[in-house]
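I opened this entry to look up how one sheet is put together and which residues lie around the DNA strands. My notes follow in the order in which I looked.

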2 protein chains.
Amino acid sequence: MAGPTLRDVAKRANVSIRTVSNVVNGYAPVSDELRARVQAVLDELDYRPNLIARNLKQGRTGMIALVVPELDVPYFAELAREVITAARAHGYVVMIDQTDGDGDRERELLGRDSRATMFDGLLLSPLSVSAEELRGRGNRIPIVLLGEHIFNGSFPHVAIDNVAAARDATAHLLDLGRRRVAAIGDQPYATGETAQLRTTGYRQAHTRAGLEVDDSLIVSTPHFHRRLGAEAMERLLALPEPPDAVFCYNDLLALGAIRALTRAGRRIPDDVAVVGVDDIEEGQYSTPSLTTVAPDKGELARRAVDTLLESIRGELGSPPEIVVPHRLIVRESTAGEIPV
Amino acid sequence: MAGPTLRDVAKRANVSIRTVSNVVNGYAPVSDELRARVQAVLDELDYRPNLIARNLKQGRTGMIALVVPELDVPYFAELAREVITAARAHGYVVMIDQTDGDGDRERELLGRDSRATMFDGLLLSPLSVSAEELRGRGNRIPIVLLGEHIFNGSFPHVAIDNVAAARDATAHLLDLGRRRVAAIGDQPYATGETAQLRTTGYRQAHTRAGLEVDDSLIVSTPHFHRRLGAEAMERLLALPEPPDAVFCYNDLLALGAIRALTRAGRRIPDDVAVVGVDDIEEGQYSTPSLTTVAPDKGELARRAVDTLLESIRGELGSPPEIVVPHRLIVRESTAGEIPV
DNA sequence: TGAGGGCTCTGCAACGATGCAGACATAATG
DNA sequence: CATTATGTCTGCATCGTTGCAGAGCCCTCA
């Protein structure tokens, strides 16, 4: 099972271990003749360097970890794809772990026995762990936070401008003439900072349009899955004065809402217009296709990886707060049938 | 940056390195008094074991790699989730890489400079690399193949019975009385074994029902994404005698087909019924919801991880071919409106 | 009293690689 | 011809940990 080591190759080629290493790495000058002889033995034995040993010696692994709440949530899967691609461009590979939104599991990652020491850095999309906790852990490895939460400058942080994104989405609905715009996805408690930012944007759009917000149109959801979007929409439809539009805090909620509207026989967007956030691919093919606020995921991943690698190299000053651009993509769920 | 080592702790506590190691691991007996003293220093310095060093010494890393074509394809994302969960149950973490269906990248994984030596085992969902190539590489680490391809017994292999799955899906459509059942997703070339198995099942269902297959209803697609499903469906609708049902080789193709049908104003399932394969969550919330053949993904992941770990422990005899159960889930795309 | 045994604790070697300093042979130089 | 430079190659130490063998020490029991 265990492959040949430098020692095995050296013995067989009658040279020093060091010379074999030099041939493998092309470091020091080796005469052509000897190089050829060693290379022949390397090929013959099919030598592969033991990366663990190399890592130990060099103090780095070339691996970063990406920690997300749930990998099968399309947004995170698409983001993970971009992170893997961005990391590969720098010669890094990515270990992915999911916390299931479980705060204990997030904390475990930072604890005594975590595997964190095996990675050169950590990209974390936290759900419930707080900045204080992160700081208090005396973490050994560089961390960059993705997307969620506010972290008062303790850690590098890459995200879209959540307030602006929500404002843009809501303004789009108001511009269409909708006057009862609901919001699905608020989280009015400690770990719901991102959701609260979106609620702020939702309110700002109303204020700027000179309109009042009807608080009964704001529905909270503990997480952002399709089912909760559908349930929230059903509750909204049961109101005495149901909404004529809904801003969902992510695309999954929106797709759930669309499902509920369709079942209830409502026409989209004629009766109710729907907007989401994330621009997951699914929204392009749903019926109707989904208007959404699209974060630039590629850019987000690249900036996050770049920042993490800078931090690993020790080139990072004070933790940057990086804002990635977003744009509104209008599709059928607000614009109605679009000719192909 | 570098944390304290056993040596640092030992020096400070005035004991041997070995004793500190014993305290950390609870291996050998250490008197309560000394244990407490060492533990105090461990806490004070916030010691974390260097896992790379530990790995080097022990010859294992506790990491396995999962290689899939595309992580943002929902099936693979959902599968990855299950794999991560199954691996965690055994104390393993999972490194995920994607090949983008690029054969060269798949081969790279097995090549001289791959990081494969860093992992205890490899779960591979190959797209274009062949069994011969895999075998020829003289791989160092245990491999278990997931889902796709036929591999004539060279490697452990976990998958559903693709012929039966396709037969069940097609039979369901025929049972509904459909007589022009199309198939989207055939791949009549070397690396399309899985697709070909599904075509076989599609034909078997017809044969068993005493029906002829109209070959013009079988549409090939080089991959299994939504867009190709939509395009294939458009071609089928343009036929002089369009189909009254379609079996798509995965759910993404089916969702694309549904999208094309909806745009074309066809009613589902009244005009055309649709079945997919994979049971991705998206299909529960699409309009209409999607009838599909559901592989038991949890079981698939567990069996794959179990088999890989057996192989790692050297407990595996001849490479098993493990067949995981599947079942047909009937939803609106074939059954019409289902009361809630 | 002294051999034997258990309990703690320790030092050395090793995992497989790379950094460093230097050895050796040959070539260039004054 | 002696000296320095040059180009190859090697051995030793080291990364941080654990396996192994054994050293003390105290206690027990003949």
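I began with B:Ala182 and looked up its bridge partner in β8(B), which is B:Val246. The model is a predicted one, and I read everything below with that in mind. The pair belongs to the contact between β6 (residues 181-186) and β8 (residues 245-248) of chain B, where I found four bridges and a parallel run.

I then followed the sheet outward and noted an open arrangement of six strands in chain B, in the order β7-β6-β8-β9-β10-β12, with mixed pairing. Its edges are β7 (218-220) and β12 (326-329) of chain B, each of which pairs on one side only. Neighbouring strands of this sheet are turned by 15 degrees against each other on average, direction ignored. Across β6, β8, β9 (273-277) and β10 (291-295) of chain B I found helix α11 (residues 251-263), which runs at about 155 degrees to β9(B).

Next I turned to the DNA. Around DNA strand C I listed 28 residues, of which A:Thr5, A:Leu6, A:Asn50, B:Thr19 and B:Pro29 come nearest. At least two residues of this surface come from each of α2 (17-25) and α4 (51-58) in chain A, and likewise from α2 (17-25) and α4 (51-58) in chain B. By class I noted 14 nonpolar, nine polar and five charged residues there.

For DNA strand D I listed 29 surrounding residues, with A:Thr19, B:Thr5, B:Leu6, B:Asn50 and B:Ala53 as the closest. The elements giving two or more residues here are α2 and α4 of chain A, together with α1 (6-13), α2 and α4 of chain B. The surface near DNA strand D divides into 14 nonpolar, nine polar and six charged residues.

Technical notes
Residues are numbered from 1 along each chain as its sequence is written. Chains are lettered from A and ligands numbered from 1 in the order in which they are written. This is a predicted model: local features need pLDDT of at least 70, side-chain atom pairs count only at pLDDT 80 or more; totals for chains, interfaces and linings use all residues. A residue is near a molecule or strand if its C-beta atom, placed from the backbone, lies within 6 Å of it. Ala, Val, Leu, Ile, Met, Phe, Trp, Tyr, Cys and Pro count as nonpolar, Asp, Glu, Lys and Arg as charged, and the others, Gly among them, as polar. Two strands pair if DSSP finds at least two bridges between them. Axes are lines fitted to C-alpha atoms, for helices over the stretch in contact, and angles run from 0 to 180 degrees between N-to-C directions. Two residues are in contact if their C-beta atoms, placed from the backbone, lie within 7 Å.
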